[in-house]
Amino acid sequence: MAAVAPEDDGRAALAVREFDAHSDRDRAAVERLERACEVGPSGGKLCLFTDLLGDPLCRVRHSPAYLMLVAEAAGGLLGGAEVVGIVRGCVKTVACGRGSNLFSKVAYLLGLRVSPGHRRRGIGRRLVERMEEWFRQMGAEYAYVATDRDNEPSVRLFTTRCGYAKFRTPSVLVHPVFRHDLAPSRRVAVVELPPRDAERLYRARLGGAEFFPRDIDAVLSNALSLGTFLAVPGGGAGAAARPWRGVEDFLAAPPESWAVTSVWNCKDAFRLEVRGAPRLLRAAARATRAADRALSPWLRVPSVPNLFEPFGMHFLYGLGGDGPDAPRMCRALCRHAHNLARAAGARVVATEVGACDPLRAGVPHWPRLGAEDLWCIKRLADGYGDGALGDWTKAPPGASIFVDPREF
């Protein structure tokens, strides 16, 4: 899949080829490029950097089919080729929403990076176009990409130069992990489901959500998936109002309100780090942790974990529910997930929810730690895989959206 073509300005040659996972040179070059690029909107003082823990494929390798491309420019160190751009992509089959069982083969493009010294030369567009060629070869009907809503260069690249349309606007909600556990709800019982029961529940109740993966069984059985948890009305001290008799009994006669989520261990796949924070902000964060440590367990003081060195994260996926009390059930699940993260040494818990999702009201989060995403989509196929679907790019948003943790 290699190609050599002149740069847009005609001054150098550019080659786009597949990343060699067995090459120490490729791994080192990608690591250098990742360190030189910030994650999120450009131009701010605070930047979020990602440590891939020596595995450049960590954000796609758990997908059914994946590829990573690198762009090389002549004139690097010692006159050799220099890796100046990278992109990752994966292909899977997902539900198209509308509460139906319509599925489509879609491609997800992520991790597009171009060296700061080689931007505005068409390298990003070249990488996207070459990745789209592979998407079409794999039979993908649509391609989509997620970017920060405020990242104007990225939005402009995809919507103006690459033919993508603005599609969905989910929010990344992030909550810090305190030094103390959060008290569980006394009116909600949290039940851990085995993977097979979790799969049955998801297919029955969330299978019609947009981007729900057909291979949900592979997601739930992955080693990075730490468990699925169901919140139902409970009695005093969190005891269940009725004994748990299995998922079939639950589906046959569900309570009026319930919520479910699964936990993904991003901490063992990659680490994050906030850089560029002023000393005053760092000192204030340290003060909150000192107060939390000194006053616990008598007072539960919210504290800011140390995000200014590499830290791990847990991600809540498959967040769903039903009933008037579902947001409260969701809040109980988030408390449970916080305590799991604290025990595992993760410093934040994050999730991503659709703009119209009623459960977002039940997700505790600190707005300054989160982000507003923009998902853009493009139709790749000339025809349609399912005539009942029509053109998905023009479909209105549903109430919920399924965010696959394998590519978060």
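**Close-up views of a predicted model**

**View 1. Leu53 sits in a loop between two strands.** In this predicted model, Leu53 belongs to the loop that runs between strand S3 (47–51) and strand S4 (65–73). Its backbone is worth a look: the phi angle of Leu53 is near 55°, a positive value in a residue other than glycine. Is Leu53 buried, partly exposed or exposed? Leu53 has a relative accessible area of 41%, so it is partly exposed.

**View 2. Phe211 is another residue with a positive phi.** Look for Phe211 in the loop that links helix H4 (195–205) and helix H5 (216–220). Phe211 is not a glycine, yet its phi is positive, at about 70°. How accessible is Phe211? Its relative accessibility is 1%, and because buried means under 20%, Phe211 counts as buried.

**View 3. The whole chain gives the setting for the other views.** Let us step back for a moment. The chain has 8 helices and 16 strands. Of its 408 residues, 51% are buried. How far apart in sequence are the residues that touch one another? Taking contacts between residues at least 6 apart in sequence, 79% join residues at least 24 apart.

**View 4. Thr50 belongs to strand S3.** Thr50 is found in strand S3, the strand that spans 47–51 and comes before the loop of Leu53. With a relative accessibility of 19%, Thr50 counts as buried, because the cut-off for buried is under 20%. Now follow the chain a long way along to Val274: this residue is 224 residues apart from Thr50, while the C-alpha atoms of the two are separated by 9.1 Å.

**View 5. Glu273 is a buried residue in a strand.** Glu273 has its place in strand S13, which covers residues 271–275. Its relative accessible area is 16%, so Glu273 is buried. Which side chain is joined to that of Glu273 by a polar contact? The partner is Arg275, and the polar contact is 3.4 Å. Setting aside neighbours within four places in sequence, Glu273 is in contact with Cys47, Leu48 and Phe49, and also with Leu307, Phe308, Glu309, Pro310 and Phe311.

**View 6. Glu132 is a buried residue in a helix.** This time the glutamate lies in helix H2, residues 123–137. Glu132 has a relative accessible area of 4%, so it is buried. Which residues does Glu132 touch, not counting those up to four places away in sequence? They are Cys162, Tyr164, Lys378 and Leu380. Tyr142 is 10 residues apart from Glu132 along the chain, and 9.7 Å separates their C-alpha atoms.

**View 7. Thr351 has a polar atom beside the backbone of Leu316.** Thr351 is part of strand S15. Its relative accessibility is 2%, so Thr351 counts as buried. A polar atom of the Thr351 side chain lies 2.8 Å from the backbone oxygen of Leu316. Not counting residues up to four places away in sequence, Thr351 touches Ser171, Val172 and Leu173, together with Phe315, Leu316, Leu319 and Val363.

**View 8. The largest cavity has a volume of about 90 Å³.** Of the 15 residues that line this cavity, the closest to its centre are Gly318, Leu319, Ile401, Phe402 and Val403. Strand S14 (313–322) and strand S15 (348–353) each supply at least two residues of the lining. Which strand gives the most to the lining of the largest cavity? S14 does, with 5 residues. What classes of residue make up this lining? There are 10 nonpolar, 3 polar and 2 charged residues.

**View 9. The second largest cavity lies between two domains.** The structure holds 2 cavities of 30 Å³ or more, and the second largest contains about 60 Å³ of space. Why does this cavity lie between domain 1 (14–171) and domain 2 (174–370)? Both domains give residues to its lining, so the cavity lies between them. Lining the second largest cavity are Cys58, Arg59, His62, Leu224, Trp264, Cys266, Ala269, Phe270, Pro405, Arg406 and Phe408. By class, these residues divide into 8 nonpolar, 1 polar and 2 charged.

Key: Residues numbered from 1 in each chain as written. Predicted model: local features only at pLDDT ≥ 70, side-chain atom pairs only at ≥ 80, totals over all residues. Heavy atoms only, no water. 1 Å grid on protein atoms, 1.4 Å probe; cavity = no way out; pocket = protein on both sides within 12 Å on 5 of 7 lines; lining within 4 Å. Points joined across faces, edges and corners; volume = space filled by probe spheres on them. Helix = DSSP H or I, 4+ residues; strand = E, 2+ residues; numbered from the N terminus. Nonpolar A, V, L, I, M, F, W, Y, C, P; charged D, E, K, R; others polar. Domains from an automatic or database assignment. Buried < 20%, exposed > 50% of the residue type's maximum accessible area, 1.4 Å probe, protein only. Polar contact = N/O pair within 3.5 Å; in protein donor to acceptor, adjacent residues only side chain to side chain. Contact = heavy atoms within 4.5 Å.
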